[in-house]
Amino acid sequence: MDNPVLLTQEAWSSLQTAAWAVLILPLLSFLVNGLWLGRKHERAAGWTATALLGATLACALHVASGWRSLVLQHPELYPSRTALAWEHVWLNFGGNLSARLGFYLDPASVMMIVVVSAISFLVHFYSIRYMKHERGAGRFFALLSLFTFAMLGLIVSGNLIQTFFFWELVGAASYLLIGFWYTKPAAVAASKKAFVLTRFADAFFLMGVLLTGVNTGSFDFLVVNGPAAAAELNRTLGAGLFAFKLLSVTTVLLYMGAWGKSAMFPFHVWLPDAMEGPTPVSALIHSATMVVAGVYLTARLFPLFAAAEHTLQLVAFTGALTAVFAAAVACTQTDLKRILAFSTLSQLGLMMLALGVSIPTVANGGGGAVTTIANTAGYTAALFHVFTHAFFKSLLFLSAGVIIHAIHSNDLRDAGGLRKKMPWTYISTLAACLALAGLWPFAGFFSKEEILGAALGNGHFTFVAAGLLTGGLTAFYMTRYFVLVFHGSARTHASSAMNADHAGAAHHGPTEPLLMVLPLIVLTVPSVLVGWLGRNAFLKDMLPWTSSATAPVEHLEAHAGFPWMVLVATALALSGIGTGLYLYGRKRWTAGYADDRGPWLYRILRDKLYVDEVYSFLIRKVGSRFVITPADWAERKILNASFDQGGGVLNKLARGLSRYQNGQVQRSVATALLGLVLLLALYFSGSPLPHLFGSLK
Amino acid sequence: MIGLNLANALTLSLVLVLIGAFGMLRRRSLILVLLSIEIMLNGANLALISFNFFLWGTSETGHYLYMLSIGVAAVEAAVGLAMVIVIFRNTRDVTRDRVSLLGETKAEAEA
Amino acid sequence: MSTPFSTPFLSAFLPDLALLVLALVVLTTEIVFRKHQARWTARVAVAGLAAVLILLAALPLPSGGVAYAGYQVTRSVVVWKQLFALATLATILLSRSYFRNGHSLRGALANPGAFYGLLLFSTTGMFALVSARDLLTFYIGLELATLPLYALTALQPRNAGSIEAGSKYMLMGAFASALSLFGISFLYGAAGSLGFDALAKVASAQPSLSAQPFLLAGVLMLLGSLGFKLAMVPFQMWAPDVYEGAPTAVTAFLSTGSKAAAVAATTTLFLGPLNLPRIDLGAIFALAAVLSLLAGTLGAMRQSNLRRFIAYSSIAQAGYMLMAFTGGEGSEAAARIALQYNLLVYGTASFALFFVVSLVGRSAPETIPSLRGLSARSPALAALLALSLFSLIGIPPLAGFLGKFLLFAVAARNGHYTLIFIGALAVALSFYYYMRLLKEAYQPVQTAENRGAPASAVPLSPIRLSLAGKCAAALLAILLVVLGTCPGMLNFIASR
């Protein structure tokens, strides 16, 4: 009892049990619902799944607290704050290579399992009511639990093979959930698009995984992230024009996986379409969990990426591009969920940007030496933003679900004037919007400040500008969203009928069903508070793994703030909000932008804050013509169209092949003979052609 | 003057194989296609015994394989002729057109 | 080298002898049990195969294996034989309903004795093929494995498709056989012996390969003839027609057992004595893999006939498997394991697919539209179909995922990243065509699209599974999941 070693052992074994449970409970929920409950007892399925996910959350919290007391508070035992709860050999490749299934605990994974299980629990709970009248609700809960299981497995994996395994499983579960309404052609198309595009990116990822494994002799993050692995990979292949650094190639390939999964430009086209799935799915998968898997992977491999010469620049660049582009497109959308989807894209871009700016512009020597990580503010900021964003973005999606549930439409133009009817939704959405816009003291403010601070601290001024621009645009489109949904008057029959009398309410049940609003209220709390509460913990402990522990003090010092930056960011956010209010804050909604009259508040805003004038001019004239319209056009005409075109080309090729295959024996014989003669000729002439697919060594 | 040496024997066997392959491509009658296959097999067999005779005269392994392959060719011919007989019974015709019905175009027409 | 009739000798060769005896017994059973021949031949064949499997698993084998004359048995050979025996067993179980009451639109199969007997002779040929230690045994094994299949394909003589498929298969097979004989004669000319040892010596001794034209010509021709059996581009064109025409059970065997034999034969030669480091055979295999993936993918995309679809899918799968031959020196063991695992997994998924196809085919033509409404007719079958397709695509945690990963890992050993990339792309595209089946299966029958369709095209009666059918479906489903999640189990079984 008094023996501390014994106590520790007990705590360890309880931690291990909880770690097992974190994975097994969602799987159990999937099996129970998928095989048994889901088919006959759909209501029971929802409650069972929710209860099991609640237990998962409890276990995740237990793991977190256990990790905190056992690992975090014993830096002498665990200098890198990392431990393995358990690990089993899954498959032996022979030699030292083996695939293992483990439960890897470090600050990032502990944070993520808590966030994922919490959001998943709330989404399950919310779905009980949301899916009440849907057919196949049992299947829905089974798949939701399967997804949660896959996501948790992905988070806690300590090696690339397990990561890849769950990475694909997450993709498959997401495919099944997006296509949940499989009788709806749009949903089927969207799910296919999501799956094929992410699989396309995964092809690169797989190459990266194999390259890493073959060259470093291990798939474990602890080895791969170490200096030895980076040194092993740091050699030049090829010559002349085709010379390339193996380390850079490997890390870029690995990043490609994240690129697709986190829907960075131009792979982003699948995410807005994925909104065809049920709204709870969007809340769970396409805001808080799966799409941040790419960010998470990048963070997981951060030391390796940091050792490569240009990879982090690429990360930052794609992040910045996506952040600005998606924010601009979000200004033009009229579908509630698509606005949120583009907003998610933009925020994911910010997270990537934060990871990418973690290395000072000049300090990275490149060449042979492996850079030691001195300043990881960006890493911390990215994961901090993952943390805060998860809460307010899932809140936004869930509240959008309540709205859609009430007005039976996804269209912004069908909403309006819902403030009175939906007070709870109104308040929680307001909190989430302000958090997303990054206003003090809401959660988003703190993480955005960290991101901008990291970029500025390392001298990436372009990326600071991109971050600021994104912040302004975000505040603008969220204001537009908010005002158009809740203020003004009802614009169409659907919402006006609901506003006019309670007959509609009698038909459709309450406009704000308690079971759906409860998660909103629960999520409002962290959306407001986590930024302020979590900041110090993140700054102190959320550090990338290194073979030797970095001194936290030095790390904290790197965070010496830039007070003016806070002011600028807040001013931009406020001006975005102001512009949004100025343009849309009318009783009557018009399709155009300009209308001179408005409530006195907006007039004051317009008269006093001339920055709004400039801003609205920028949006209306310059922005609309040179940023938003082209971005929107590129989105529709180039990216989506090229995806469709690819299918057409394949189809033509297939037709040609089937015409060739006419079923006559002599054609088969002739083809075979031709092939054989070509083969013989190639080899006897010593031609290099057969080596086209030769090895790259 | 053409002497009997390895090069000439191999050339002859190659010619036989090519004649057989050409017959497979050109003949319409299934029986002649089967005959062409026999010619190909004989070409291959000729190569086998030539190698044994000219290069590796001390052993007889090549001859063994040759004997066995005659048996295999006989079995193939038997199976082939059996099929030709069935086709003839079904359609009163043993041209190659009778075995060109399955194919993509037809599959598409079905769909 | 051990002497004949010593204990290790017997324990190594007993399964093969038992199988040969079994094949003969099954042929005679037809005569003995004239009245209930279908039932009894099947029983004898199943019991005998089970016994062979047990013999294969239980008999001890010296760690270095046993070799006698042109025949050898090693641990890896035993694993191959187990795969063949399993495929044959599954085929027999699948074909039993064909004999019971003609469960197919095409009518019943005749002569169960001949059917099972030929199947077992083919399996015996496969056994000989993987045990070969010289080209003579190899050639005989190859022919013995293939010849019965021609007859099996043509086993519905009243059906024009079946007989056409049989003759096509026979003609292409004979062509391939002539090619392999020609190739073997060149190899013999190069080595002076048919033994693998002598061949390996010659293959590795010569300083430059162009100085050995006989060897090179022989290798390439033999590769071509094996390409036929593998259905590898450009030798694949017979496959769709033959798969379409053959009886379903035979198609199943062609795409699993026969494919496994072809892969095993390729392994025996090209990861064995003809593993030539100097001639970059890996490049040929890589090229063939890419072309096969392309042809399989393109062919499957627009296909509506289920069997032709499966043929193209199997061409694409052959493409993946060819990747295992690109690993270069030192990768032989890994390649063999990857291939064996893959064939097991692919075979399981294929049998699950054929199981569904044969049940759907009882009342409707075997086309993709016939699958429509399957989820309503039998949710269990639809779920099995989904599992099997997901495994073929390679979605974790199903077995196909790990299988593909292992193959890619072998290719990565030799730096074939272009190939891996193309393979991974093919996986992404395969999703498109496999999903077409699933889409049909889960499509509700009454939709705007097909409301105008004739009622006969949409069979709606629920499919009832017999108890045995349910067990088979459950077993296949469990295998698909368990093989993927606990591959370590296989180690346990194989290591004995």
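A residue counts as buried if 20 or more other C-beta atoms lie within 10 Å of its own, exposed if 12 or fewer, and partly exposed in between, with C-beta atoms placed from the backbone. By that rule, buried residues make up 39% of the 111 residues in chain B.

What you're looking at is a predicted model, where local features need pLDDT of at least 70, side-chain atom pairs count only at pLDDT 80 or more, and totals for chains, interfaces and linings use all residues. Residues are numbered from 1 along each chain as its sequence is written, while chains are lettered from A and ligands numbered from 1 in the order in which they are written.

How sure is the predictor? The complex gets an ipTM of 0.92 and a pTM of 0.82. For chain C, the pLDDT (the predictor's confidence in each residue, from 0 to 100) averages 84, and 89% of the residues score at least 70. Over residues 447-457 of chain C, though, the pLDDT is below 50.

Back to chain B. Helices (H or I, at least four residues) and strands (E, at least two) are DSSP runs, numbered from the N terminus. Chain B has 4 helices and 0 strands, so its pattern along the sequence reads α-α-α-α. Its radius of gyration (taken over C-alpha atoms) is 19 Å, well over the 13 Å that the globule rule (2.2 Å times the number of residues to the power 0.38) gives for 111 residues, so chain B is more spread out than a compact globule. Its C-alpha atoms fill a box of roughly 60 × 30 × 25 Å along the principal axes.Chain B also touches chain A, with contact meaning that two residues' C-beta atoms, placed from the backbone, lie within 7 Å. Chain B gives 12 residues to this contact and chain A gives 11 residues. On chain B's side, α1 (6-26) and α4 (104-110) each give two or more residues.

Now for two helices of chain C. Here is what their buried residues pack against:

| Helix | Packing partners |
|---|---|
| α9(C) | α27 (665-685) of chain A; α5 (135-153), α6 (160-191), α10 (248-270), α11 (281-301) and α12 (306-322) of chain C |
| α18(C) | α13 (332-360), α15 (379-393) and α16 (399-413) of chain C |

Helix α9 (residues 238-245) of chain C is mostly covered, with 8 of its 8 residues buried. Among them are Trp238(C) and Tyr243(C).

In α18(C), the buried residues are Ala473(C), Leu476(C), Leu479(C), Leu480(C), Leu483(C) and Gly484(C). Seen down the helix axis, they fall within an arc of 125° (taken from the directions from the axis to the C-beta atoms), so they line one face of α18(C). The face turned away carries the exposed residues Leu467(C), Lys470(C), Cys471(C) and Ile478(C).
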